[in-house]
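Student: I should like to work through this model with you, taking the strands, the core and the ligand in turn. Where shall we begin?

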Amino acid sequence: MPDDLSLHKIRAGYGATVVLEDLSFDLAAGSKLSIIGRNGVGKTTLLATIMGLTRLHAGRIGLGDLDVGALRPNRRAKAGFGFVPQQREIFPSLTVEENLLVGLRPGAWTLARVYDLFPRLRERRANMGNQLSGGEQQMLAFGRALLTNPRVLLLDEPFEGLAPVIVEQLFQALLRLRDEDQLSIIMVEQHAKLALAFAPRTMVMSRGRIAFDGDSGTLIDDPARLDALCGIGGGLH
Ligand SMILES: Nc1ncnc2c1ncn2[C@@H]1O[C@H](COP(=O)(O)OP(=O)(O)OP(=O)(O)O)[C@@H](O)[C@H]1O
């Protein structure tokens, strides 16, 4: 089976500014990857580049056998990427259910399955997007991405700004997704502890390049190395 995602010698950024340099990695079908690193090292830019939201100066981005590097963002989404951006981008004047159905495509993920994963969304199905708490918005952003039935799900700092109790709820839902679904998932996350617990493989970025790509267990067992790679804020706190 081909890899779900393959990046080869990516050079990308904003206009003439290059943020990502010579970045290559593959994601085997159905696998999970966490990405960590200090602020500003290019984690969000990497997800944005996969989605076609930056300027690709060089390199190849493959989704399965398809070269998506020249496709516009909406075509990439249709080709099989589900993106949950940091800002969540909920439509404020649509109901929860209308938000969920915006990008619906047939597949294993149905409205009933999303409501089963996030019962809170079922309770709030008739509420407008602007009436939701931060945690509910994040559940909605997840659910909406899942209903596009993607091959690869990209999550950008899904726990940012949420209360610890909500983070725990969302994390449990993500673990269920990890264990029960064949979907490939890339999660960019500031909390190293959550990132390392989520995926068996972790990538650490530094200044637009990959500084580490390997078993999460290696970093869990070596906090000094993790701190050297990520700094104090990225440690196991
Ligand atoms: N729209 C933009 N235009 C120009 N430069 C940008 C833009 N967005 C980000 N950058 C720059 O790209 C670099 C990488 O930023 P990016 O947001 O990808 O880092 P990050 O690792 O996700 O950081 P954080 O954890 O703070 O979100 C930074 O130097 C940032 O200033």
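**Strand pairing, core and ligand shell**

Tutor: In this predicted model, strands S3 and S9 run parallel and are joined by four bridges.

Student: Which residue of S9 is the bridge partner of Ile-36?

Tutor: S3, which covers residues 32-36, is linked to S9 by four bridges in the parallel sense. Within that pairing, the bridge partner of Ile-36 in S9 is Val-204.

Student: With which strand does S3 pair in the parallel sense besides S9, and which residue there is the bridge partner of Leu-33?

Tutor: S3 also pairs over four bridges, in the parallel sense, with strand S8, residues 184-188. In S8, Leu-33 has as its bridge partner Ile-186.

Student: How many of the five residues of S3 are buried?

Tutor: In a regular strand, side chains alternate between the two faces of the sheet. In S3, Lys-32, Ser-34 and Ile-36 point one way, Leu-33 and Ile-35 point the other way, and all are buried. The number of buried residues in S3 is therefore five of five.

Student: Is Met-205 buried or exposed?

Tutor: Met-205 belongs to strand S9, residues 201-206. The cut-off for burial is 20 or more other C-beta atoms within 10 Å. Because Met-205 has 24 such atoms within 10 Å, Met-205 is buried.

Student: Which residues does Met-205 contact, leaving aside neighbours within four places in sequence?

Tutor: Several of the contacts of Met-205, including Gly-37, Val-41, Gly-42 and Lys-43, also occur among the residues that surround the ligand. The full set for Met-205 is Ile-35, Gly-37, Val-41, Gly-42, Lys-43, Ile-210 and Ala-211.

Student: Which helix supplies the largest share of the shell around the ligand?

Tutor: The ligand is surrounded by Tyr-14, Thr-17, Val-19, Gly-37, Asn-39, Gly-40, Val-41, Gly-42, Lys-43, Thr-44 and Thr-45. Strand S2 (17-27) and helix H1 (43-51) each supply at least two residues of this shell. The largest share, three residues, comes from H1.

Student: How many residues of the shell are polar?

Tutor: Glycine is counted with the polar class here, and Gly-37, Gly-40 and Gly-42 are among the residues around the ligand. By class, the shell has three nonpolar residues and one charged residue, and the number of polar residues is seven.

Student: Which residues touch the most other members of the largest nonpolar core?

Tutor: In soluble globular proteins, nonpolar side chains tend to be buried together. The largest nonpolar core here has 59 residues, and those touching the most other members are Ile-35, Leu-47, Leu-154 and Met-187.

Student: Which helix gives this core its largest share?

Tutor: The largest share of the core amounts to six residues. These come from residues 134-146, that is, helix H6.

Student: How many of the 13 residues of H6 are buried?

Tutor: H6 reaches 18 Å from its first C-alpha to its last, close to the 18 Å expected at 1.5 Å a residue. The buried residues of H6 pack against strand S6 (81-84), helix H3 (96-101), helix H4 (111-117), helix H5 (119-123), S7 and H7. H6 is mostly covered, and the number of its residues that are buried is 11.

Student: Is Val-152 buried or exposed?

Tutor: Val-152 lies in strand S7. Not counting residues up to four places away in sequence, Val-152 touches Asp-4, Leu-5, Leu-63, Gly-80, Phe-81, Ser-184 and Ile-186. Because 23 other C-beta atoms lie within 10 Å of Val-152, the residue is buried.

Student: Which strands are at the edges of the open sheet of four strands?

Tutor: The order in this open sheet is S2-S1-S4-S5, with antiparallel pairing. S1 is joined to S4 (residues 55-63) by seven bridges, and His-8 stands opposite Arg-60 in S4. The strands that pair on one side only, and so form the edges, are S2 and S5.

Student: Is Lys-9 buried or exposed?

Tutor: Lys-9 lies in strand S1, residues 5-14, and has a positive phi near 50° although the residue is not a glycine. The cut-off for exposure is 12 or fewer C-beta neighbours within 10 Å. Because Lys-9 has 11 C-beta neighbours inside 10 Å, Lys-9 counts as exposed.

Key:
Residues numbered from 1 in each chain as written. Predicted model: local features only at pLDDT ≥ 70, side-chain atom pairs only at ≥ 80, totals over all residues. Contact = placed C-beta atoms within 7 Å. Near = placed C-beta within 6 Å. Core = buried A, V, L, I, M, F, W, Y, C linked by C-beta atoms within 7 Å. Pairing = 2+ DSSP bridges. Expected span 1.5 Å × (residues − 1).
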